[in-house]
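Reader: Hi! I'm in my first year and still learning how to read a structure. Could you take me through one part of this one closely, and then show me where that part belongs?

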Amino acid sequence: MSVLPEFQKAVRQVTDPAFSKVLLRAIGLTFALLVAVFVAFVWGLGLVLPETITLPFIGEVTLLTQVLSVAAMLLMFGLSVFLMVPVASIFVGFFLDDIVEAVERRHYPGLPPVESLPLSEVMLDSLRFLGLIVVANLVGLVFYLFSGPFAPFVFWLVNGFLLGREYFQLVAARRLGNERARALRKKHFGTVWTAGVLMAIPLSIPLVNLLIPVLGVATFTHIYHARAGNA
């Protein structure tokens, strides 16, 4: 049930020009999304807070906006731990075909070409999955709050299950269709969940998490082919 060999293959392909091009685009768009959320957050604070406040014994403070901007930056840096899970669910729709094709071109050149799923269908699946992740984490928030020191493990298990389910399904459906892909996913339930957890853990590490959506798709491509007998 080990998925480390598949992950190692994905990491080794980072230097492949076709792969690294997609990786850089994904990192850039992910970073841009996080910056946009930060800017919107600071802008919203500016609308509701005064430019200066008067504090007892201190007097008028004019650096409130700057102080709050720094605080907001630190807050968004921390929130990126949670934001990257839904971000990973969205961006798989944009980069799925490019990443899978780069992996298959290098490691599985004998496979017949496949007709890519319509982008609208992939994006619709990604949006549905985004909704599922949001709902699951809102429900799971109760468990996170009462799990104490075990909260990160609960978070990783829940999101690992969801990420593994979605990434494997999307990769496998390109060649098998949804029904057969679902059957293969259920057959290798433990492996898919383990791979999802191993993807969810580094998604919790700021900066490192920018690499994970692309490496995740590549890893699940190898997992699919190994379980489908194409390796």
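**A close look at Thr194 and its helix**

Author: Happy to! Let's begin with one residue: Thr194 has a relative accessible area of 28%, so it counts as partly exposed. That class covers values in between the two cut-offs, because buried means under 20% and exposed means over 50%. Please keep in mind that this is a predicted model.

Where does Thr194 sit? Thr194 belongs to helix α6, which covers residues 189-203. Now look for Phe161, 33 residues away from Thr194 in sequence. In space, the C-alpha atoms of Thr194 and Phe161 are 7.9 Å apart.

Phe161 leads us to another helix, since α5 covers residues 151-187. How do two packed helices get described? The description uses the angle between their axes and the distance between the axes. For α5 and α6, the axes come within 6 Å and cross at roughly 130°. Therefore α5 and α6 are oblique to each other: an angle over 145 degrees would be needed to count as roughly antiparallel, and 65 to 115 is the range for roughly perpendicular. The crossing of α5 with α6 is right-handed. In the contact of these two helices, 14 residues are nonpolar, four are polar and four are charged.

A second pair of helices is worth viewing too. Helix α1 (residues 4-12) and helix α7 (residues 212-228) have axes that come within 8 Å and cross at roughly 130°. So α1 and α7 are oblique to each other, and their crossing is right-handed. The contact of α1 with α7 is made up of seven nonpolar, two polar and three charged residues. To find it on your screen, look in α1 for Glu6, Phe7, Lys9, Ala10 and Val11. In α7, their partners are Leu215, Ala218, Thr219, His222, Ile223, Ala226 and Arg227.

Now step back to the whole protein chain. How many helices and strands does it have? There are seven helices and two strands, and their order along the sequence is α-α-β-β-α-α-α-α-α. Of the chain's 231 residues, 41% count as buried. The chain exposes about 12,400 Å², with carbon and sulfur atoms supplying 73% of that area.

One last number concerns contacts between residues with a separation of 6 or more: 78% of these in the protein chain join residues 24 or more positions apart. Thr194 and Phe161, where we began, are 33 residues apart in sequence.

Methods: Residues are numbered from 1 along each chain as its sequence is written. This is a predicted model: local features need pLDDT of at least 70, side-chain atom pairs count only at pLDDT 80 or more; totals for chains, interfaces and linings use all residues. Side-chain values use heavy atoms; hydrogens and water are left out. Helices (H or I, at least four residues) and strands (E, at least two) are DSSP runs, numbered from the N terminus. Buried means under 20% relative accessible area, exposed over 50%, partly exposed in between (1.4 Å probe, protein chains only). Contact means heavy atoms within 4.5 Å. Accessible areas come from the Shrake-Rupley method with a 1.4 Å probe; for residues, only the protein chains shown count as cover. Axes are lines fitted to C-alpha atoms, for helices over the stretch in contact, and angles run from 0 to 180 degrees between N-to-C directions. Angles under 35 degrees count as roughly parallel, over 145 as roughly antiparallel, 65 to 115 as roughly perpendicular and the rest as oblique. A crossing is left-handed if the near helix is turned anticlockwise from the far one by less than a right angle, and right-handed if clockwise. Ala, Val, Leu, Ile, Met, Phe, Trp, Tyr, Cys and Pro count as nonpolar, Asp, Glu, Lys and Arg as charged, and the others, Gly among them, as polar.
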